[in-house]
Amino acid sequence: MRPLLTLIIPVYNTEKYLDKLLPKLNGQINDLVQVILIDDGSTDSSLEICNKFSSINSNFTVIHQENKGASAARNNGIRNAKGEYMAFLDSDDMITDNYIEVVCRLCKESRADIIQLDHYCGSPETGYFLKKNQLPQGLIPYEIFCKFLLEQKSNLLWNKIFKSSCIIENEIYFDDSMIMGEDISFTLEVMKYSNIIQVEHEAVYYYLNNRSGLCANVKTNYLNDLDKLYSNMKNFVEFKRLGPEAIQIVQESMVNSVFRAIGLCINNGSSINDIDRVFDSLENLKYLNKVHCIKVGNKLRQYLLKKRFYKIIAKFIALKHSN
């Protein structure tokens with residue numbers, strides 16, 4: 001019997017988290033659920049932990065690969081997925097006690113191609129808070145969800161459930177050359193072949209918020225990924241013929257993203273010369289200096305970017321992240 005749901009979990013050196021996540025999953029899964037654990041060349045005991053659970057529960061499948069990154073691991077999971085629906089988890093996060101019950105119920109009852117969920121954000125030390133998306137409950141117009149995505153209000157993977165046929169039949173995979181933006185790029189590709197979008201205000205996932213760690217890793221190579229993301233967004237708008245309003249949303253969204261990325265680059269020690277060199281090599285991002293921004297905040301961001309007042313941008317970003 002074909003599984004209803006495949007859960008794809010890339011694993012890399014997360015032994016202290018797997019010891020909590022996998023027992024929680026093991027206590028919930030049934031014959032409707034396939035769990036694929038892709039060990040991405042871990043050097044700690046992560047692979048051993050994964051193998052332990054696959055030996056006691058045949059619903060767990062373990063795949064080992066050389067270290068290639070989370071996107072390559074997810075792609076390996078997609079190639080081995082058998083479920084009617086698929087969802088992605090991160091191995092350092094946590095799920096609620098009723099995660100499988102809720103997700104399987106939604107998969108059984110829904111006819112949607114993508115189901116958007118709420119989630120919890122925080123940490124065990126500081127506590128978790130509910131992150132509720134602002135979209136209405138139930139089936140929503142396609143254009144509304146497109147706007148939601150293009151505004152980068154739902155970049156995340158693990159708060160969505162995808163119909164597998166949309167992904168497998170159209171051979172959609174993650175761009176494993178991207179460090180950031182690969183998640184929303186993937187969702188936009190799935191959206192090209194989706195028609196029915198459902199929003200459920202159910203929160204069954206705990207995201208470990210390590211904002212300081214993520215921000216500390218932003219370097220100039222992130223600008224290359226933003227250039228690809230901008231291209232992917234424009235390609236999506238053209239593919240779906242969404243028109244000038246959608247293009248305007250993309251431009252405003254990307255001005256904001258580039259502003260933040262450059263500020264973080266400076267705060268993380270990148271030189272102005274390095275930023276200039278990378279920025280000048282990226283045709284998509286350079287074009288952002290010429291677009292017409294409507295939002296006042298983005299007009300200011302665009303002006304500072306155009307004048308290359310990077311140190312002022314860095315101060316804005318540092319101030320924002322200190323609050």
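These exercises, each with a worked solution, explore one predicted protein model.

Residues are numbered from 1 along each chain as its sequence is written. In this predicted model, local features need pLDDT of at least 70, side-chain atom pairs count only at pLDDT 80 or more, totals for chains, interfaces and linings use all residues, and side-chain values use heavy atoms, with hydrogens and water left out.

**Exercise 1. The whole protein**

Task: State how many helices and strands the protein has, then describe its overall build.

Solution:
- Step 1. Start with the secondary structure. There are 14 helices and 10 strands. Helices (H or I, at least four residues) and strands (E, at least two) are DSSP runs, numbered from the N terminus.
- Step 2. Turn to compactness. The radius of gyration is 20 Å, close to the 20 Å from the globule rule for 323 residues, so the protein is as compact as a globular protein of that length. The radius is taken over C-alpha atoms, and the rule is 2.2 Å times the number of residues to the power 0.38.
- Step 3. Add the dimensions. Along the principal axes, the C-alpha atoms fill a box of roughly 60 × 45 × 35 Å.
- Step 4. Look at burial. Of the 323 residues, 53% are buried. Buried means under 20% relative accessible area, exposed over 50%, and partly exposed in between (1.4 Å probe, protein chains only).
- Step 5. Check the contacts. Among contacts with a separation of 6 or more, 82% join residues 24 or more positions apart. Contact means heavy atoms within 4.5 Å.

**Exercise 2. The partners of β6**

Task: Find which strands pair with β6 and in which sense: parallel or antiparallel.

Solution:
- Step 1. Recall the rule. Two strands pair if DSSP finds at least two bridges between them.
- Step 2. Take β7 (residues 127–131). β6 and β7 pair in the antiparallel sense over 5 bridges. The two form a hairpin with 3 residues between them. Ser123 has Gly127 in β7 as its bridge partner.
- Step 3. Take β9. This strand runs antiparallel to β6, joined by 3 bridges. Here Gln116 stands opposite Lys160.
- Step 4. Take β10 (residues 197–208). β6 and β10 run parallel, with 8 bridges. Ile114 stands opposite Ile197 in β10.
- Step 5. Ask about cover. In β6, 9 of the 10 residues are buried, so the strand is largely enclosed by the rest of the structure.

**Exercise 3. Ala112, just outside a strand**

Task: Locate Ala112 and list its contacts beyond four places in sequence.

Solution:
- Step 1. Place the residue. Ala112 sits in the loop between α4 (99–109) and β6 (114–123).
- Step 2. Judge its exposure. Ala112 has a relative accessible area of 0%, so this residue is buried.
- Step 3. List the contacts. Ala112 touches Tyr85, Lys163, Ile196, Ile197 and Gln198.
- Step 4. Compare sequence with space. Ala112 and Ile196 are 84 residues apart in sequence, yet their C-alpha atoms are 4.7 Å apart.

**Exercise 4. Two helices**

Task: Describe the burial of α7, then the surroundings of Leu304.

Solution:
- Step 1. Count in α7 (residues 182–192). Here 10 of the 11 residues are buried, so the helix is largely enclosed by the rest of the structure. Among the buried ones are Phe186, Leu188, Val190 and Met191. Charged side chains are also buried there, including those of residues Glu182 and Lys192.
- Step 2. Move to α13 (residues 296–306). Leu304 lies in this helix. Its relative accessibility is 6%, so Leu304 counts as buried.
- Step 3. Set aside neighbours within four places in sequence. Leu304 is then in contact with Phe259, Phe309, Ile312, Ile313 and Phe316.
- Step 4. Add a distance. The C-alpha atoms of Leu304 and Asn289 are separated by 9.8 Å, with their positions 15 residues apart along the chain.

**Exercise 5. Two positive phi angles**

Task: Decide whether Gln152 and Glu171 are buried or exposed.

Solution:
- Step 1. Note the angles. Gln152 has a positive phi of about 60° although it is not a glycine. Glu171 has a positive phi of about 50° and is not a glycine either.
- Step 2. Place both. Gln152 is in the loop between α5 (142–150) and β9 (160–163). Glu171 is in the loop between α6 (164–168) and α7.
- Step 3. Apply the cut-offs. Gln152 is buried, at 19% relative accessible area. Glu171 is exposed, at 62%.
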